[in-house]
Amino acid sequence: MEDQSVHRFREYLRINTMHPTPDYDAALQFLKQQATEIGLDFKILDSGVTGKPLGLMTWKGQQPELKSVLLTSHMDVVPVFPEKWTHEPFSADKDEKGNIYARGAQDMKCVTSWYLEAIRNLKAQGKTFARTIYLLFTSEEEIGSKPAQVFSTSKQFQDLNIEFGLDEGIANPGEKMRVFYGERSIWWIKVLCKGSPGHGLAFIENTAAKKLQYIMNKFLGLRDEQEKKFKEDPSKGLGAFTTVNMTMLEGGVQPNVVPAELSATFDVRIPPTTDFSAFKEKVLQWCKEAGPDVSIEMLHEGQMTEMVDVSDANPWFVAFKKACERANVDLETEIFPGGTDSRHFRKAGVNMLGFSPMNNTPILLHDNDEFLNEKVFLRGIKIYEEIIPALADLVF
């Protein structure tokens, strides 16, 4: 006697939208079927990136001239290591505790299903609202969000006339639910060190390795400094700090040859409150201090400074917060530690909050045995039944 909303959630989880070959056609057909059942208009849109479609549902408001509300979620999921799972990753198995196991259970097919089930219930109750609501289903979010980025700059996106939107968040093992008002920027920095080559038996001057050692010490020293600050005050959330990880080392030809070139690549995630220009100057200064012929290549240089006002001065956030209070949700505001489609919509001028109502739940996005408990899922529907009307009927 499984709840039908849970049944539909598990059905969506069984659609394999895993990279590198996500089945977007099957996902879009499923979503089209949901739209037909609920009574919403559904279109497949050209994102502007070849072969990477978007889905769009529309619930037209009674005052369509008002700015609209966006509920966005992505269809794709990250790869799995099946041998590390105790359940088949696309089976959506449910155990005796009500835990539903599947890739995408937390990231983020649950959010898609919460939107759909809440709207299904609201429509069944005969509800109508002032503002138009758009449900956008994106592709390729897990590998860079290029379709959302391109679409966010298009005329068809501008024509949607969106002012406020919701996207994904992260689970919280504690009681509170996390809401994200900004995101860190991704910087992938490759540092190339050139030096004198030679035989491995000698004390060679001006080696690439000595320069690289200096660079590594600087980057990893920053990592240690930021990690210490985070551990001293974890209540701010990881997104408030700069994380640094060395992810690649390249160079060398054989054990007894001192190489002429060595490089290291660093994954750096920077809060939107950081002075990006000053940070880059610091990195360039490290290169200068390391010695001659040390240079950087910016493989990715994000510039995400946009943040949503989460004070009482923002009527959208007030409406969201009060709806959560009515649903007995205690919120915790943070900067998102990773990257989502939200960053592109914020840059386009939309107030975007990241929110996945999963509390008392281990953080398992991208992890083995990703699951979401049935009771948490069902409560999430009720929470969105409070949030969606609060946003769609907000007039000021």
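Which residues of E3 are buried on one side, and which on the other? Select strand E3, residues 68-74, in this predicted model. Ser68, Leu70, Thr72 and His74 are buried on one side, and Val69, Leu71 and Ser73 are buried on the other. That makes seven buried residues out of seven in the strand.

**Neighbours of E3**

Keep E3 on screen and add strand E6, residues 133-138. The two strands run parallel and are joined by six bridges. Within this pairing, Leu70 stands opposite Tyr134 of E6. Now add strand E7, residues 162-167, which also runs parallel to E3 and is joined to it by four bridges. Here Leu71 of E3 has Leu166 of E7 opposite.

**Leu166 and the core**

Select Leu166 and show what surrounds it. Three of its contacts, Leu70, Leu71 and Thr72, belong to E3. Its other contacts, leaving out residues up to four places away in sequence, are Tyr115, Phe320, Met352, Leu353, Tyr384, Ile387 and Leu391.

Leu166 is also a member of the largest nonpolar core, which has 68 residues. Along with Leu135, Phe320 and Phe355, Leu166 touches the most other members of that core. Colour helix H10, residues 374-392, next: H10 gives the most to this core, with ten residues. A second core, separate from this one, has 22 residues, including Ala208, Leu212, Ile215 and Val268. In soluble globular proteins, nonpolar side chains tend to be buried together.

**Pro357**

Move to Pro357, in the loop between strand E16 (351-355) and strand E17. Is this proline buried or exposed? Pro357 has a relative accessibility of 1%, so it counts as buried, the cut-off being under 20%. Display its contacts beyond four places in sequence: Trp114, Met177, Val376, Gly380, Ile383 and Tyr384. Tyr384 is a residue met earlier, as a contact of Leu166. For a distance check, pick the C-alpha atoms of Pro357 and Ile170: they are 8.2 Å apart, although 187 residues separate the two along the chain.

**The three-stranded sheet and H1**

Follow the chain from Pro357 to E17. This strand belongs to an open sheet of three strands in the order E4-E5-E17, with antiparallel pairing. Strand E4 (93-94) and strand E17 (371-373) are at the edges with a single partner strand each, so one side of each has no neighbour in the sheet. Select strand E5, residues 99-101, to see the three bridges that join it to E17. Tyr101 has Phe371 of E17 as its bridge partner.

Now show helix H1, residues 4-13, which lies across E4, E5 and E17 and runs at about 20 degrees to E5. Seven of the ten residues of H1 are buried: Ser5, Val6, Arg8, Phe9, Arg10, Tyr12 and Leu13. What do the buried residues of H1 pack against? Besides E4, E5 and E17, they pack against helix H2 (24-38), helix H3 (109-124) and H10.

**The largest pocket**

For the last stop, select Ile186, Gly338, Gly339, Thr340 and Arg343, which lie nearest the centre of the largest pocket among its 34 lining residues. The space in this pocket is about 850 Å³. To see more of the lining, add helix H4 (146-152), strand E9 (185-194), strand E13 (261-270) and helix H9 (342-347), each of which supplies at least two residues.

Notes:
Residues are numbered from 1 along each chain as its sequence is written. This is a predicted model: local features need pLDDT of at least 70, side-chain atom pairs count only at pLDDT 80 or more; totals for chains, interfaces and linings use all residues. Side-chain values use heavy atoms; hydrogens and water are left out. A nonpolar core is a set of buried Ala, Val, Leu, Ile, Met, Phe, Trp, Tyr and Cys residues joined through side-chain atoms within 4.5 Å. Buried means under 20% relative accessible area, exposed over 50%, partly exposed in between (1.4 Å probe, protein chains only). Contact means heavy atoms within 4.5 Å. Two strands pair if DSSP finds at least two bridges between them. Axes are lines fitted to C-alpha atoms, for helices over the stretch in contact, and angles run from 0 to 180 degrees between N-to-C directions. On a 1 Å grid over the protein atoms alone, a cavity is a set of points where a 1.4 Å probe fits but cannot get out, and a pocket is an open set with protein on both sides within 12 Å along at least five of seven lines; lining residues have an atom within 4 Å of a point. Grid points are joined across faces, edges and corners, and a volume is the space filled by probe spheres set on the points.
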